[in-house]
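Work through the following exercises with the sequence and the coordinates side by side, and try each task before reading its solution.

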Amino acid sequence: MNETEQEAAIKELIDILKDIHKSKCEPYNWTNYIKSQIQDYYKETKKYFSTEEQKLIEQLFTYYDKYLKNNKFAFIHNDLHFDNIIKNDKNLYLIDFNNAMTAPIDYEFRLLYRCKNEPWKWANSEMNPFQKPEDYKNIDTYIKKYYKEFADIKYIDERMIIYSILDNMRLLTRFDNNELKESVVNYTQKLLKLN
């Protein structure tokens with residue numbers, strides 16, 4: 001797709017998601033939910049980090065309350081990446097609602113945000129070699145442009161960093177992978193610099 005087609009596809013996707021997100025949902029303590037998951041994954045993976053890295057990760061726990069409050073809860077797809085989007089000449093469709101859940105609307109977009117830097121992680125194996133970060137460079141701009149409620153969320157960039165830490169920690173519990181470890185450390189340092 002060229003840039004115009006990409007923007008149009010994101011707008012179409014946002015229109016579908018807005019309909020899904022209209023559902024009324026019971027809120028819960030999102031900060032505790034995310035923080036406890038990260039802390040649990042950290043306990044399992046702590047051995048992979050140096051003493052200095054451990055201090056940074058543990059220091060970051062104190063900022064989660066600040067960044068993860070003020071949530072608008074909705075029913076979300078929760079597995080929004082390009083293998084779960086079908087686009088033809090006429091329409092765009094979402095598939096695979098196996099991971100659907102009630103969560104703040106920004107959580108819906110965490111995987112698309114990560115496509116800016118690591119698009120090959122979210123494509124099937126046949127398409128991996130064709131994934132280029134520059135094809136996704138404006139994805140967050142388009143999401144914010146067409147989803148005002150999302151754009152208005154305070155600390156959106158910080159929240160996306162926290163979600164990236166969570167996802168990488170989760171994977172690190174399953175795979176002893178240096179790239180995942182470095183990613184957790186890099187995201188931690190990035191978020192600490194914003195404070």
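**Exercise 1.** Does K35 count as buried or exposed, and at what relative accessibility?

Solution. The model is a predicted one, and K35 is placed in helix α2, which runs over residues 30–45. The cut-off for burial is under 20% relative accessible area; because K35 has 15% relative accessibility, K35 counts as buried. Turning to its surroundings, and leaving aside neighbours within four places in sequence, K35 is in contact with F61, Y64 and D65. With D65 there is a polar contact between the two side chains, at 3.3 Å.

**Exercise 2.** Compare the expected span of helix α1 with the distance between its end C-alpha atoms, then locate its buried residues.

Solution. Helix α1 comprises 18 residues (3–20), so that at 1.5 Å a residue a span of 26 Å is expected, and the end C-alpha atoms are indeed 26 Å apart. The buried residues of α1 are Q6, E7, A9, I10, L13, I14, L17 and I20. Since they cover an arc of only 160° around the axis, they lie on the same side of α1. Among the elements that cover them are β1 (73–76), β2 (85–87), β3 (92–94), α5 (110–114) and α6 (139–146).

**Exercise 3.** Identify the helix that gives the largest share of the largest nonpolar core.

Solution. The largest nonpolar core holds 57 residues, and W30, I34, Y107, F109, I143, F150 and I165 have the most contacts inside it. Helix α8 (residues 156–172) supplies the largest share of this core, 9 residues. Leaving aside neighbours within four places in sequence, I165 is in contact with I38, L60, Y64, V184, Y187 and T188.

Note on methods: Residues numbered from 1 in each chain as written. Predicted model: local features only at pLDDT ≥ 70, side-chain atom pairs only at ≥ 80, totals over all residues. Heavy atoms only, no water. Helix = DSSP H or I, 4+ residues; strand = E, 2+ residues; numbered from the N terminus. Expected span 1.5 Å × (residues − 1). Buried < 20%, exposed > 50% of the residue type's maximum accessible area, 1.4 Å probe, protein only. Arc of directions from axis to C-beta. Contact = heavy atoms within 4.5 Å. Core = buried A, V, L, I, M, F, W, Y, C linked by side-chain atoms within 4.5 Å. Polar contact = N/O pair within 3.5 Å; in protein donor to acceptor, adjacent residues only side chain to side chain.
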